[in-house]
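Colleague: Hey, can you walk me through this one? I'm new to reading structures.
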Amino acid sequence: MTIMTNDEEIVGTRPAHRRVKLGVRKVSKTFRIRSEDGKTQTHLNVLRDISFDVEENEIVSLIGESGCGKTTLLRIVQGLMRHDAGAIEVDGHAVSGPGRDRGFVFQQASLLPWRTAQSNVEFGLEIQGVDPKIRAERAKQLLRLVGLDQAATRYPHELSGGMQQRIGLARAMAIDPSILLMDEPFSALDAQTREVLQRELLRIQADAKTTILFVTHDLDEAIYLSNRIVVLGARPGRVKEIIDVPFAGERPDLPVLRGSPEFQEIRQHIWQLIGNQSMPAHT
Amino acid sequence: MKQSTMTQTTEATLATAPDTEVEELVLNKPTRRYWAVRMISIFTVLLAWEVLGRQVDPLFIAWPTQIGAAAIDMIHSGELVGAFLESMKTLTLGFVLASIVGIALGLVIGRYRYVDASTDWLVNALYATPLVAITPLVILWFGLGFQAKLFIVFILAVFPVLINTASGVRNVAPHLVDVGVAFAANERTIFLKIILPAAVPFMMTGIRLGVGRAIIGMVVAEFFTAINGLGALIIKYGNQFETAAMFVPILSLMLMGVVYTAIAMRFERWVAPWRFTDSD
């Protein structure tokens with residue numbers, strides 16, 4: 001990422017000597033829900049006082065049982081949804097509403113079906129009014145990065161689910177955001193493709209020095225990808241614990257990693273935090 | 001096996017096909033086989049029509065060879081070509097107008113809730129009304145000429161285009177709109193770059209549905225005005241009890257409908273290929 005701010009004040013909010021790219025500050029969200037008979041309204045606390053940071057060049061995962069509001073939180077960070085209280089700060093500036101400083105990767109790739117792969121990657125730049133030559137250049141560069149430069153002229157329906165998700169990633173990265181927000185991007189893929197893409201994401205992240213906030217319900221995925229994991233509890237959604245993942249730098253592949261005792265330990269710990277029967281621990 | 005009539009060669013192809021095809025062609029075979037069956041079916045029906053038709057009083061029915069002869073006569077006299085072009089002119093112009101107006105109004109109705117709420121009752125009522133019923137009134141307004149026919153074709157074809165376009169705009173997948181919002185596009189850009197292209201396949205469906213209604217409108221209008229066009233020819237030869245000659249414009253209309261619908265479907269696939277990946 002080429003965005004540079006010399007805002008030294010931001011550094012130092014955490015002991016690490018890294019810039020805070022995203023600050024989530026006491027964010028709360030309430031949904032109004034009509035009762036079954038339609039007469040009364042009840043308030044559902046979806047998120048309460050959520051606070052955490054994402055630092056430069058870091059992957060942070062949001063994990064929690066379904067209904068804990070992790071996708072809601074991610075949509076709030078992107079500006080697709082409004083929050084009731086608290087603040088979202090990107091590069092130290094409070095933001096409200098969508099912006100070019102954040103790139104979003106959707107759960108289903110959500111490519112525009114009438115556009116070629118390259119044209120999809122160019123979409124964000126096109127909206128910003130970037131010169132066609134420059135954005136074509138940039139799109140090609142990103143297609144190369146995600147390993148799909150051969151597929152530039154193909155349409156989404158001619159691409160596999162995994163390829164579509166790579167294009168979705170390239171599209172979000174094309175606008176050179178401060179932070180990438182990824183909403184369960186691999187959950188719709190088959191297990192093998194998912195592992196390939198997880199590995200790819202780590203490679204791309206190392207190459208491009210990207211900062212990522214990643215929502216998932218897959219414990220293994222969270223541990224494998226993240227530097228830190230924010231575990232959310234449900235009803236109301238709140239931060240239960242923020243866990244540092246010790247496998248820094250070069251990681252072995254997931255199947256190898258899965259066998260390691262540290263991995264098992266973290267997995268067990270998160271699983272107990274969530275306490276959800278639908279996510280049984282590996283044995 | 002090497003005899004040269006059509007049915008026998010097709011059967012021969014069918015019989016030998018499994019052995020002679022290379023493996024990669026296997027996928028194509030069913031389609032070819034269906035086409036062969038289709039040809040046999042067409043040939044059989046025509047043959048049966050020819051044989052049975054000759055048994056009946058020629059006032060009530062004509063048979064294929066007789067119709068063919070009548071067609072050749074009518075082509076030589078220039079009558080058929082003239083009527084065909086006249087009908088095509090009405091149909092094409094009325095239909096193009098209906099498509100343009102239908103798409104324009106459909107976009108406005110689909111986009112603005114208030115416009116929708118104030119017009120949907122009228123649109124639905126008019127769409128449900130068999131509008132050929134107002135033909136006598138239209139003739140009062142415009143006379144027996146080209147304008148009356150044009151209006152009827154237009155009014156019949158415009159509603160399917162309009163309704164489908166509006167529903168296309170209204171039913172754009174929310175996750176696609178989200179893409180625009182997430183990339184901080186303004187409302188106008190979202191409409192132009194996401195909602196509009198997403199609605200194009202719906203417009204094409206409306207156009208395809210409109211074709212059939214446009215042809216009906218054209219024929220009915222020509223029945224009433226009975227001055228020119230294929231509809232007028234049908235009335236003319238019907239009144240003269242020349243059944244074979246009457247079948248010629250009927251079959252021309254059939255051809256026109258088939259060709260127009262096929263073109264519309266091709267166009268639909270060409271414009272929105274992603275909608276047809278499952279059926280391909």
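Modeller: Sure, one term to begin with: a nonpolar core is a set of buried Ala, Val, Leu, Ile, Met, Phe, Trp, Tyr and Cys residues joined through C-beta atoms within 7 Å. Also, keep in mind that this is a predicted model.

Colleague: OK, so which residues touch the most other members of the largest nonpolar core?
Modeller: Those are A:Leu213, B:Val153 and B:Ala214, in a core of 137 residues. Helix H9 of chain B, residues 187-225, gives the most to this core, with 17 residues.

Colleague: And what does B:Ala214 touch?
Modeller: Leaving out residues up to four places away in sequence, B:Ala214 touches B:Leu91, B:Gly94, B:Phe95, B:Ala98, B:Val153, B:Leu156 and B:Ala157.

Colleague: Back to H9(B). How does H6(B) cross H9(B)?
Modeller: H6(B) covers residues 135-142, and its axis comes within 10 Å of the H9(B) axis, crossing at roughly 65 degrees. The crossing is right-handed.

Colleague: Which residues meet there?
Modeller: From H6(B), B:Thr135, B:Pro136 and B:Ile139 meet B:Val220, B:Ala221, B:Phe224 and B:Thr225 of H9(B). That contact has 5 nonpolar residues, 2 polar and no charged.

Colleague: New topic: what's the strand order in the open sheet of chain A?
Modeller: Its 6 strands run E6-E7-E8-E3-E9-E10, with mixed pairing. E6 (102-105) and E10 (238-244) of chain A each have a single partner strand, so one side of each has no neighbour in the sheet. From one strand to the next, the twist averages 20 degrees.

Colleague: In what sense do E6(A) and E7(A) pair?
Modeller: Parallel, over 4 bridges, with E7(A) spanning residues 179-183. There, A:Phe104 stands opposite A:Leu181 of E7(A).

How values were computed
Residues are numbered from 1 along each chain as its sequence is written. Chains are lettered from A and ligands numbered from 1 in the order in which they are written. This is a predicted model: local features need pLDDT of at least 70, side-chain atom pairs count only at pLDDT 80 or more; totals for chains, interfaces and linings use all residues. Two strands pair if DSSP finds at least two bridges between them. Helices (H or I, at least four residues) and strands (E, at least two) are DSSP runs, numbered from the N terminus. Axes are lines fitted to C-alpha atoms, for helices over the stretch in contact, and angles run from 0 to 180 degrees between N-to-C directions. A residue is buried if 20 or more other C-beta atoms lie within 10 Å of its own, exposed if 12 or fewer, and partly exposed in between; C-beta atoms are placed from the backbone. Two residues are in contact if their C-beta atoms, placed from the backbone, lie within 7 Å. A crossing is left-handed if the near helix is turned anticlockwise from the far one by less than a right angle, and right-handed if clockwise. Ala, Val, Leu, Ile, Met, Phe, Trp, Tyr, Cys and Pro count as nonpolar, Asp, Glu, Lys and Arg as charged, and the others, Gly among them, as polar.
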